[in-house]
Amino acid sequence: MRLGLLTGGGDCPGLNAVIRAVVISGSVLYGDSAVGFADGWRGLIDGTARELTVGECRDILTLGGTILGTSRTNPFAIEGGPGRVAAAIESNGIDALIAIGGEDTLGVAARLAASGTPVVGVPKTIDNDLPGTEVTFGFDTAVQTATEAIDRLRTTAESHHRVIVCEVMGRNAGWIATYAGIAGGAADILVPELAFDLDEVCQRLRRRHDGGQFSSIVVVSEGALPAAPGDLESARRAVSGGSPDAFGHARLGGIGNWLAEEIERRTGYESRVTILGHIQRGGTPTAYDRVLATRFGVEAVQAVHDGEFGSMVALQAGHIVRVPIAVALGPSRTLDLGLYHDVAGLFGG
Ligand code: F6P
């Protein structure tokens, strides 16, 4: 068979591991050839494609990003988009498309599958919030990167007796904040799922100071917001806007600035902020992400050869399974609040 591959949406560590697994296992097991479309769905709109060889893919396992490039292009927001996608599939002789992406990329894949396009989905996002799979690759690497950053912030916070707010990614979900916050011993963790009371946060920081601990790390998700209406209004003003992407998502980032300023104003403790941003999405994948991405890639090839189009590979109870792509379009798989509450007793301690 001739396989078409694309990577769409925000990049994440492990994308190249999936590409490698698809190209090599397709070739070794079935004699497949592979074509890579450039920059997500944009490559199918523009007809930008190239042959992907086993030789080229052998050594990309450890490489961050995606050798195919990515974009947030939505063919359904472009006039004649779906027709152009179909034409690119036809002209490149593609028998099956493997779309690697998050809810937006997979949403396009689901719509195309519903109208008969032979497509299989592979889920990814550092945010770890896709329904249908217990984990997405990229998350583990993002947590590792954020934890290392927190470890570094801790020593400078201690030297200067400061509060340091560390803002991490996670648009709608506090998975990265919670895991990195626990691993980094944060004094407080603020997530999008639970509107926070800033006075209570300050109270917990005061408690630490009263107990002789004059430095604190507060980890905040980019999507976290305060509960009090006045705070909410001023926090929203501080969060950077930017124009929404082709799927209508606002650009987040900046809540940490507001938080650090307010903590300093309300407590008198000198405060600083570090926004980790795209550092969390870059670099080489952890061993966990390499393994998960490889397993997903191999399974996607199997799904293609089983003719199971319209399916997405997923991790459930440690096993690689297939679910309908449409499952990934349900409500975000937000943070397990049980996990959060289990560790919340440490905040302010
Ligand atoms: O891929 C998900 C994500 O990393 C979110 O956590 C973040 O809000 C967004 O992507 C940033 O996207 P961009 O790279 O387009 O600014």
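User: What makes a residue count as near the ligand here?
Analyst: One of its heavy atoms has to lie within 4 Å of the ligand. In this predicted model, the residues that surround the ligand are Arg 72, Ile 126, Asp 127, Met 169, Gly 170, Arg 171, Glu 222, His 278 and Arg 281.

User: What makes the pair between Asp 127 and the ligand a polar contact?
Analyst: The cut-off is 3.5 Å between N or O atoms. A polar side-chain atom of Asp 127 sits 2.8 Å from an oxygen atom of the ligand, so that pair qualifies. His 278 also has a polar side-chain atom 2.8 Å from a ligand oxygen, and for Arg 281 a side-chain N or O atom is 2.8 Å from one. As for cover, the protein hides 82% of the 400 Å² of accessible area that the ligand has on its own.

User: How do you know where the largest pocket lies?
Analyst: Look at who lines it. Domain 1 (2-137 + 285-329) and domain 2 (141-281) both give residues to the lining, so the pocket lies between them. Its volume is about 690 Å³. Of its 34 lining residues, the closest to the centre are Arg 72, Met 169, Arg 171, Glu 222 and Arg 281. Two elements, α5 (103-114) and β6 (163-168), give two or more residues each, and α5 gives the most, with three.

User: Which classes of residue make up that lining?
Analyst: There are 13 charged, 13 polar and eight nonpolar residues. Arg 72 is one of the residues closest to the pocket centre, and Arg counts as charged.

Methods. Residues are numbered from 1 along each chain as its sequence is written. This is a predicted model: local features need pLDDT of at least 70, side-chain atom pairs count only at pLDDT 80 or more; totals for chains, interfaces and linings use all residues. Side-chain values use heavy atoms; hydrogens and water are left out. On a 1 Å grid over the protein atoms alone, a cavity is a set of points where a 1.4 Å probe fits but cannot get out, and a pocket is an open set with protein on both sides within 12 Å along at least five of seven lines; lining residues have an atom within 4 Å of a point. Grid points are joined across faces, edges and corners, and a volume is the space filled by probe spheres set on the points. Helices (H or I, at least four residues) and strands (E, at least two) are DSSP runs, numbered from the N terminus. Domain bounds come from an automatic or database domain assignment. A polar contact is a pair of N or O atoms within 3.5 Å; within protein, one must be able to donate a hydrogen and the other to accept it, and residues adjacent in sequence count only if both atoms are side-chain atoms. Accessible areas come from the Shrake-Rupley method with a 1.4 Å probe; for residues, only the protein chains shown count as cover.
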